[in-house]
Amino acid sequence: MAWLQDHAPSTGSAFVPSEDRAAVEALAHASGLEPPDDLRTWWAVCGGTADLAFAEVLPPFYTPLGPSNALRSWRLKERFWPADLDSEAGTPTSGFHPRWLPIAFDGCGDALAVDLRPGVLCGCVVEWDRERGEMLKPEWTSLDEMLDQVATVLEHRGRLGHCEPLVTTDGRLGWRTD
């Protein structure tokens, strides 16, 4: 968040302060999902964007969600829940699993989510493709790993997979893809 203020202030200004702890508890109660500590820490500094404005800080085109909008997104994806719910964290699946907690959106229905299914990879970050209706593999082993890699790429102007950060002259962060 500090990097955005210094290097991409137009993008940084789209973010709102974190929501109070009650919003996280409301999400946990309504979804039955317990947000992991790394997600609670992230939500303590990032409340998402005002009115779901686009601020694509997560490659390639994802905008973080705060807890209230994460719950809204989770509820909207209920119609995509798969019939077979018996799978382990990180395993490929069709549909949007109800044990995934959305953490970012792209405006086209795709989502980044924390996979809270049981298993060794519980807490990994997955990318769900709405058009294909599937998730093929975990993108990161944890939210901490994702945020660390994004921060490192931003600070050192590197690449993350097929994405390279680009700051426009008006101070917006975007991602150039191959």
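A residue counts as buried when its relative accessible area is under 20%, as exposed when that area is over 50%, and as partly exposed in between. Keep these cut-offs in mind during the tour, and remember that the structure on the screen is a predicted model.

**First stop: Glu 134**

Select Glu 134, which sits in strand β6, a strand made of residues 134–135. Its relative accessible area is 22%, and it is therefore partly exposed. Now show the side chains around it, and look for the polar contact of 3.0 Å that joins the side chain of Glu 134 to the side chain of Arg 132. If you set aside residues up to four places away in sequence, Glu 134 touches Thr 93, Ser 94 and Gly 95, and it also touches Glu 127, Trp 128 and Asp 129. For a sense of distance, draw a line from the C-alpha atom of Glu 134 to that of Arg 117, a residue 17 places away along the chain, and you will find the two atoms separated by 16 Å.

**Second stop: helix α4**

Select residues 37–45, which form helix α4, and colour Asp 38, Leu 39, Trp 42 and Trp 43, since these four residues are buried. Turn the view until you look down the axis of α4: the buried residues fall within an arc of 135°, so they line one face of the helix. Then colour Asp 37, Thr 41, Ala 44 and Val 45 differently, because these residues are exposed and lie on the other side of α4.

What do the buried residues of α4 pack against? Their partners include three helices by name, α3 (21–31), α5 (67–76) and α6 (143–156), together with the strands β1 (63–64), β3 (100–105) and β4 (111–115).

**Third stop: where α4 meets α6**

Keep α4 selected and add α6 to the view. Two packed helices are described by the angle between their axes and the distance between the axes. For α4 and α6, the angle is about 45° and the axes are 8 Å apart, and the two helices are therefore oblique to each other. To see the residues that meet here, show Asp 38, Leu 39 and Trp 42 from α4, and then Leu 143, Asp 144 and Leu 147 from α6.

**Fourth stop: helix α5 and Ser 31**

Move on to α5 and select Pro 67, Ala 70, Leu 71, Ser 73 and Trp 74, which are buried. These residues cover an arc of only 160° around the axis, which puts them on the same side of α5. The buried residues of α5 pack against α3, α4 and β3.

From here, step across to Ser 31, which belongs to helix α3. Is Ser 31 buried or exposed? Its relative accessibility is 12%, so Ser 31 counts as buried. Beyond the residues up to four places away in sequence, Ser 31 touches Leu 71 and Trp 74, both of which are listed among the buried residues of α5. The side chain of Ser 31 also reaches the backbone oxygen of Leu 27, at 2.7 Å.

**Fifth stop: Thr 11**

Select Thr 11 in helix α2, which covers residues 9–12. With a relative accessibility of 4%, Thr 11 counts as buried. Follow its side chain to the backbone nitrogen of Leu 173, which it reaches at 2.7 Å. Leu 173 is also one of the residues in contact with Thr 11 once its neighbours within four places in sequence are left aside, and the others are Leu 4, Ala 55, Val 57, Gly 171 and Arg 172.

**Sixth stop: details of the backbone**

Go to the loop between α4 and β1, where you will find Pro 60. A cis peptide bond joins Pro 59 and Pro 60, with omega at about 0°. Leu 52 is placed in the loop between α4 and β1 as well, and its phi is near 55°, a positive value in a residue other than glycine. Leu 52 is partly exposed, with a relative accessible area of 25%.

Next, select Arg 157 in the loop between α6 and β8 (163–167). Arg 157 has a positive phi too, near 50°, and it is partly exposed at a relative accessible area of 47%.

**Last stop: the annotated region**

Finally, select residues 23–149, which UniProt lists in an unreviewed entry as "domain: Knr4/Smi1-like". Over residues 23–149, the chain is 28% helix and 20% strand, and the C-alpha atoms at the two ends are 27 Å apart.

Note on methods:
Residues numbered from 1 in each chain as written. Predicted model: local features only at pLDDT ≥ 70, side-chain atom pairs only at ≥ 80, totals over all residues. Heavy atoms only, no water. Buried < 20%, exposed > 50% of the residue type's maximum accessible area, 1.4 Å probe, protein only. Arc of directions from axis to C-beta. Contact = heavy atoms within 4.5 Å. UniProt positions renumbered as here; feature names shortened; annotations may be inferred. Polar contact = N/O pair within 3.5 Å; in protein donor to acceptor, adjacent residues only side chain to side chain. Axes fitted to C-alpha atoms, helices over the stretch in contact; angles between N-to-C directions. Parallel < 35°, antiparallel > 145°, perpendicular 65-115°, else oblique.
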